[in-house]
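Biologist: Please take one part of this model and look at it closely. Then work outward to what packs around it and what ties the rest together.

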Amino acid sequence: MIKIGIIVGSTRPGRKADAVARWILEHAKSRTDAQFEIVDIADFKLPLLDEPVPPSMGKYSKPHTKAWAEKVASFDGYIFVTPEYNHAPSAALKNAIDFVYAEWNNKSAGFVSYGASASGGRAVEQLRTVMAELQVADVRAPVLLSLYTDFENFTVFKPNPALETPLGLMLDQVVAWGGALKAMREQNAARKAA
């Protein structure tokens, strides 16, 4: 069975990403085609990128980087929960993504975003560009949450029930692509070992 990490992409006090991640997990845990786990980047206490060697070289020297790399490597796909700050994902999420490289490669990704005027859509567009460079297959169907309609008083998460349909579609796509890419990674590993 494949494993999908639900990445809580904000470390800001009063953040909404953790409530959104729990909502995703509630809907995902009844599925029988994948295991889902919430991964909070705040738990890893990653400083601003402090590795002396570029992540693409895979020579991690810091304990926090090694722990993060191990966690990222344990999944076959990801769902990134991102706020939109100034038309972009949070700096904390971008920093966490940039810490490692090969651990992301040839896996799937979906996005759930939240924001005011564009419901986080611009943050998702920037993340798609980042995923391409990391060799991550991002799926088409995002879930966009509005601070105006899906959060009571802009703080308490109360999603519109209609959002369960795009959430289910996004989960279907992440799981399907995650399974296909896992098979590809296994074939490539077997070929290299032969």
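Modeller: This is a predicted model. Take helix H3, residues 91-98. Its buried residues are Leu93, Asn95, Ala96 and Ile97. Several elements help to cover them. Among these are strand S1 (2-8) and strand S3 (77-83). Helix H2 (63-73) and helix H4 (121-133) also belong to the cover.

Look at the helix neighbour H4. Two packed helices are described by the angle between their axes and the distance between the axes. The axes of H3 and H4 cross at roughly 5° and come within 12 Å. H3 is therefore roughly parallel to H4. On the H3 side, Leu93, Lys94 and Ile97 make the contact. On the H4 side, Leu127, Val130 and Met131 do so. By class, five of the contact residues are nonpolar, none is polar and one is charged. Leu93 and Ile97 thus appear twice: they are buried residues of H3, and they touch H4.

Now the strand S3, part of the cover over H3. S3 is mostly covered itself, with seven of its seven residues buried. In a regular strand the side chains alternate between the two faces of the sheet. In S3, Gly77, Ile79, Val81 and Pro83 point one way. Tyr78, Phe80 and Thr82 point the other way. Both sets are buried.

S3 has strand partners too. S1 pairs with S3 in the parallel sense, over five bridges. S3 and strand S4 (residues 107-115) also run parallel, joined by seven bridges. Glycine 77 shows both links. Isoleucine 4 stands opposite glycine 77, and in S4 the bridge partner of glycine 77 is serine 108. S1, like S3, is also part of what covers the buried residues of H3.

H2 is another part of that cover, and a salt bridge leads out from it. The side chains of glutamate 37 and lysine 71 meet at 2.8 Å, N to O. Glutamate 37 lies in strand S2 (residues 34-40) and lysine 71 in H2, so the pair ties together parts that are 34 residues apart in sequence. Both ends are partly exposed. Glutamate 37 has a relative accessible area of 27%, and lysine 71 has 24%.

That pair is a salt bridge, and the count for the model comes to 13 salt bridges. Side chains of opposite charge can pair when their charged atoms come close. Some of them form a network: Arg15, Asp18, Arg22 and Asp40 are linked. Aspartate 18 bridges to arginine 15 at 3.9 Å, N to O. Aspartate 18 also bridges to arginine 22, with 3.9 Å from N to O. Aspartate 18 and arginine 22 are four residues apart in helix H1 (residues 17-28), so about one helical turn separates them. Aspartate 18 is partly exposed, at 23% relative accessible area.

H1 also packs against a helix. H1 and helix H5 (residues 164-193) meet at an angle of about 70°, with their axes 11 Å apart. That makes H1 roughly perpendicular to H5. From H1, the contact uses Trp23, Ile24, His27 and Ala28. From H5, it uses Glu164, Leu167 and Leu171. By class there are five nonpolar residues, one polar and one charged.

Set the two helix pairs side by side. H3 is roughly parallel to H4, whereas H1 is roughly perpendicular to H5. Each contact has five nonpolar residues and one charged residue.

Technical notes. Residues are numbered from 1 along each chain as its sequence is written. This is a predicted model: local features need pLDDT of at least 70, side-chain atom pairs count only at pLDDT 80 or more; totals for chains, interfaces and linings use all residues. Side-chain values use heavy atoms; hydrogens and water are left out. Buried means under 20% relative accessible area, exposed over 50%, partly exposed in between (1.4 Å probe, protein chains only). Contact means heavy atoms within 4.5 Å. Axes are lines fitted to C-alpha atoms, for helices over the stretch in contact, and angles run from 0 to 180 degrees between N-to-C directions. Angles under 35 degrees count as roughly parallel, over 145 as roughly antiparallel, 65 to 115 as roughly perpendicular and the rest as oblique. Ala, Val, Leu, Ile, Met, Phe, Trp, Tyr, Cys and Pro count as nonpolar, Asp, Glu, Lys and Arg as charged, and the others, Gly among them, as polar. A salt bridge is a side-chain nitrogen of Lys or Arg within 4 Å of a carboxyl oxygen of Asp or Glu. Two strands pair if DSSP finds at least two bridges between them.
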